[in-house]
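Trainee: Could we go through this structure together? I would like to learn how the words we use for it are justified.

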Amino acid sequence: MSPPLLEVAGLAKHFPVKRGAFGFVSGHVRAVDGVDFHLDAGETLAIVGESGCGKSTVGRLVLRLLEPTAGSVRFEGEDLLALPETEMRARRQRLQVIFQDPYASLNPRMTVGAMLGEPLMLHRLANTETERRARIGELLELVGLRPEHARRYPHEFSGGQRQRLAIARALAVEPRLIVADEAVSALDVSIQAQVINLMQSLQKRFGLAYIFISHDLAVVKHIADRIAVMYLGKIVETATTEDLFRSPRHPYTRALLAAVPQPDPTVVRERALLEGDLPSAMNPPSGCLFHTRCPFVRDACRRDVPVLADDGPSSDPSSHATACPYWPEFPPAAALAQSMGQEQDRIRLARLQAAFVSQTEAS
Ligand SMILES: Nc1ncnc2c1ncn2[C@@H]1O[C@H](COP(=O)(O)OP(=O)(O)OP(=O)(O)O)[C@@H](O)[C@H]1O
Ligand code: SF4
Ligand SMILES: [Mg+2]
């Protein structure tokens, strides 16, 4: 069996926190604290969790935009962290990123043609002016824009079009993996649906893998093959998207997905408890990190650190892993399957799905 496209093991990033005029290190923020996952070619792994749980830090570590405190990142079988910076620069061609705000990452003084032409020249993907122009036109068409858009500047485009430009720029270097960090979060629902449909069709066409970072479960449900749920720098549950929505196990995942008002009292309890504050990543709770908010907490949870245990071989793409040894004792969460949280979330999901359907019919 060939190795996964990406294999992340024991990944950690502890940011030093400096205090006072002399900048003494007074502690560390455990932004990412021992994360393992893998990703195959052509697959989408979503990373979800509350703000500050470490999603973006994982993305930046995978791209080696940040140096980790510990752990390994193997891409196409090669340990990225062992590569000298010069060689890493060449590998970056295969690992691209799209951020939430494309305007901030697009140079306002560069035409679209110049912006797309730059990586083509840098990586010698177009050798002559004619080749370059042809490839720029092709890239623009791939993302649903027109070759003549090459003469325009970023401010002449709408938000959704700018995100298409960011995708075109990522595609220019023929990557195998794209980290999309809240890539559609700032867009209107109908535009979100268009950009996600585009990302999915490009994935099929080029065998791209995505790490799709999002706080929006409605979007994630549509795009991801598998989901990793993070809490305070650790993964607390991973499963296929279908399994996770049908039978969430970890109390935190259940709380994230939960909460359509219904007679099941455990669902109401889960929601109420998630309203508690997220503990500080500088001073995380002992034992299970979720014990301060968990409706099923028991004494041992304050002491024992749960491991992310698989229900099958972790290499099996359908395995379901949960960092709570007590989940089989909890009442079934089947009632959450169709729910998407509170009323406003359900309306948003319905709108998003309607937008997907209408675009699929139109295309
Ligand atoms: N450069 C940094 N220096 C110090 N702390 C940092 C740095 N970058 C991130 N952090 C901290 O690390 C933790 C994780 O941050 P991160 O941005 O990865 O979270 P996130 O899950 O992406 O959140 P959001 O959903 O708000 O984007 C947070 O507590 C954050 O304050
Ligand atoms: S280990 Fe304990 S505190 Fe943690 S999620 Fe499971 S029951 Fe809750
Ligand atoms: Mg983030």
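**Reasons behind the words**

Mentor: Gladly, and let us start at a ligand: helix α1 gives three residues to the shell around ligand 1, the largest share. Keep in mind that this is a predicted model.

Trainee: Which residues are the closest to ligand 1, and how many surround it?

Mentor: Ligand 1 is surrounded by 13 residues, and the closest are F15, A31, S51, S56 and T57. Two elements, β2 (24-39) and α1 (55-62), give two or more residues to that shell. By class, the shell holds five nonpolar, seven polar and one charged residues.

Trainee: What makes up the shell around ligand 2?

Mentor: The residues around ligand 2 are H250, P251, C288, F290, H291, C294, F296, V297, C301, P306, C324 and Y326. Of these, ten are nonpolar, two are polar and none is charged. Cys, Phe, Pro, Val and Tyr are on the nonpolar list and His is not on the nonpolar or charged list, so H250 and H291 count as polar.

Trainee: Why is K13 called buried?

Mentor: The cut-off for buried is 20 or more other C-beta atoms within 10 Å. K13 has 23 other C-beta atoms within 10 Å, so K13 is buried. This residue lies in strand β1 (residues 6-19).

Trainee: Which residues is K13 in contact with, beyond its neighbours within four places in sequence?

Mentor: They are A31, V32, T57, L61, L66, P68 and T69. Here contact means that the C-beta atoms lie within 7 Å. K13 and G54 are 41 residues apart along the chain, and their C-alpha atoms are separated by 9.1 Å.

Trainee: How do you know that the length of helix α5 agrees with what a helix should span?

Mentor: Helix α5 covers residues 129-142, which is 14 residues, and at 1.5 Å a residue these should span 20 Å. The end C-alpha atoms of α5 are 20 Å apart, so the two values agree.

Trainee: What makes you say that the buried residues of α5 line one face?

Mentor: The buried residues in question are I136, L139 and L140. Looking down the axis of α5, they fall within an arc of 95°, so they line one face of the helix. On the other side of α5, T130 and E131 are exposed. Among the elements that cover the buried residues are α4 (112-122) and α6. After α5 comes G144, which has a positive phi near 85°.

Trainee: Why is α6 described as mostly covered?

Mentor: Twelve of the 14 residues of α6 are buried, and each buried residue must reach the cut-off of 20 or more other C-beta atoms within 10 Å, so "mostly covered" is a count of residues that pass that test. The buried ones include Q161, R162, L165 and I167. Helix α6 (residues 159-172) reaches 20 Å from its first C-alpha to its last, close to the 20 Å expected. E174 follows α6 and has a positive phi near 55°.

Trainee: What makes β6 and β11 edge strands?

Mentor: Eight strands form an open sheet with mixed pairing, in the order β6-β7-β8-β3-β9-β10-β12-β11. β6 (95-98) and β11 (309-310) each have a single partner strand, so one side of each is left without a neighbour in the sheet.

Trainee: How do you know that β3 pairs with β8 and β9?

Mentor: A pair of strands needs at least two bridges. Strand β3 (residues 44-48) and strand β8 (residues 209-213) have four bridges in the parallel sense, and β3 and β9 also pair in the parallel sense over four bridges. Both counts meet the cut-off, so both are pairs. A46 stands opposite F212 in β8, and in β9 the bridge partner of A46 is I227.

Trainee: And what is the sense of the pairing between β9 and β10?

Mentor: β9 and strand β10 (residues 234-240) pair in the antiparallel sense over six bridges. M230 has I235 as its bridge partner in β10. The hairpin of β9 and β10 has two residues between the strands, and L232 takes a positive phi near 45° there.

Trainee: Which residues of β9 point one way, and which the other?

Mentor: R226, A228 and M230 point one way, while I227, V229 and Y231 point the other way, and all are buried. That fits a general pattern: in a regular strand the side chains alternate between the two faces of the sheet.

Note on methods
Residues numbered from 1 in each chain as written. Chains lettered and ligands numbered in written order. Predicted model: local features only at pLDDT ≥ 70, side-chain atom pairs only at ≥ 80, totals over all residues. Near = placed C-beta within 6 Å. Expected span 1.5 Å × (residues − 1). Arc of directions from axis to C-beta. Contact = placed C-beta atoms within 7 Å.
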